[in-house]
Amino acid sequence: MKNYHDPLFFQPNRVWRCYLGGRLLSRMMGEKEEADSLFPENWLGSVTPARNGVHQTSEQEGISRLRSGELLSDLLRKDGKTILGKDRSELGVLCKFLDSAVRLPFQCHPDRDFARKYCQSEYGKTESWFILDTRQVNGEDPYIMLGFKPGIDRGAFRQAVLEQDIPQVLSMMHKIKVKPGDNFFIPGRLPHAIGSGVLMLEVQEPTDLVVQPERKIGDITLSDFDMWQNLTVEQGLDCFEYRGRTLEEVMREFAVRPGKKNGPVETLVDSGYTDCFQVAVMKLLPGETYDCRFSSDWQLAVVTGGGGNVTAAEKQTVRPGDCFLIPNPVRNLTFSAGEKGLVVYLINAAH
């Protein structure tokens, strides 16, 4: 058993998806090629395999590797209680960078009750979105779609889905323009779609469970598995929540507003939203240093802006796109911002 006195850094971990994107993600991570592709997501600190059916690139697709090359899932099987604390052997959370060049399929995810009943999973897929950057695509402003409008019922939605009347389906949902700094909380079963031109950090329960009953996205035709996974059509339709909301109600319920501050660390998602995960953001000015003391057993840290160093036993350089796991033995970590400041999201499972 090792002694873990420094953060554990991960390799980039691009994952195939059924939509085009990734250009803003490549730019943020400083990659030479800035182009959209069918690998528009980077999964961060993941022990969750991607469910890509015939598009699966490997059995380990989606699972993070440390810079040493070791799979995180293997490391946690071996030393999980040392890394995460004596009462844990799994993370219980999944983070992603997601960058859309097209609108993603309209969809929803199971909550825990639905996942236990139909998906043989103790986790659903409640998630939260933190908008990092945006762009216009074909002259359209970046946007998301969130929640059914008042007056929508299962019968009307079912008919539109079976007829693949996509304009009718989209007219049932609220379309919301977004900008960097906007944050949203998406509980399981809430209808939603991510529009084109959005780079976000997504924090979610650790599954790849989704119901996305749209046959064609751009040039990609979805299979029945892509749309319904292992559910029947009727079960998939039952996964959606059909409660209608006004736009004002949607924004009041699901737009995340910052919470309490502790120095440069601001709480974003806490137990007031969910018992699935907690998210905070630390923003340091150029040249600023912050000595961070952790009360939770472990943290995932995701760098989204600026750059600088982190120091535990050793000093390590960080830049946008980096993700590292702060293991249980590291109770104190010093963050030092470079000339462009430093922005780091801090995430852990809330239970």
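Helices and strands here are DSSP runs, numbered from the N terminus. All views show a predicted model.

**View 1. R135 sits in the loop between β5 and β6.**
Strand β5 covers residues 127-134, and β6 covers 143-148. R135 is found in the loop that joins them in sequence. The residue is buried, because its relative accessible area is 14%, under the 20% limit. Its side chain makes a polar contact of 3.5 Å with the side chain of D99. Beyond its sequence neighbours up to four places away, R135 touches several residues, including G21, G22, R23 and L24. D36, S100, A101, E140, P142 and G197 are also among them.

**View 2. Two cysteines, C108 and C276, are buried.**
A disulfide is a covalent bond between the sulfur atoms of two cysteines. The count of disulfides in this model comes to zero. C108 is in no disulfide; its nearest cysteine sulfur, that of C239, is 3.6 Å away. The cut-off for a disulfide is 2.5 Å between the sulfur atoms. For C276, the closest cysteine sulfur belongs to C95. That sulfur is 13 Å away, so it is too far for a bond. C108 has a relative accessible area of 0%, and C276 has one of 4%.

**View 3. Helix α4 has buried residues on one face.**
Helix α4 spans residues 154-162. F157, A160 and V161 are buried in this helix. Seen down the axis, the buried residues fall within an arc of 100 degrees, so they line one face of α4. Their cover includes strand β6 and three helices: α5 (166-171), α6 (224-228) and α7 (233-238).

**View 4. D153 caps the N-terminal end of α4.**
A side-chain oxygen of D153 lies 3.3 Å from the backbone nitrogen of G155. Just after the helix comes Q164. Q164 takes a positive phi of about 50 degrees.

**View 5. Six strands form an open sheet.**
Strands of a sheet pair through backbone hydrogen bonds, either parallel or antiparallel. Here the pairing is antiparallel. The strand order is β2-β3-β4-β10-β5-β8. The edge strands are β2 (14-15) and β8 (183-186). Each edge strand pairs on one side only.

**View 6. β5 and β8 pair in the antiparallel sense.**
Four bridges link these two strands. Which residue in β8 is the bridge partner of W129? The partner is F184. The sequence stretch of β5 ends at residue 134, and R135 of View 1 is in the loop that follows.

Technical notes:
Residues are numbered from 1 along each chain as its sequence is written. This is a predicted model: local features need pLDDT of at least 70, side-chain atom pairs count only at pLDDT 80 or more; totals for chains, interfaces and linings use all residues. Side-chain values use heavy atoms; hydrogens and water are left out. Buried means under 20% relative accessible area, exposed over 50%, partly exposed in between (1.4 Å probe, protein chains only). A polar contact is a pair of N or O atoms within 3.5 Å; within protein, one must be able to donate a hydrogen and the other to accept it, and residues adjacent in sequence count only if both atoms are side-chain atoms. Contact means heavy atoms within 4.5 Å. The arc is that of the directions from the helix axis to the C-beta atoms. Two strands pair if DSSP finds at least two bridges between them.
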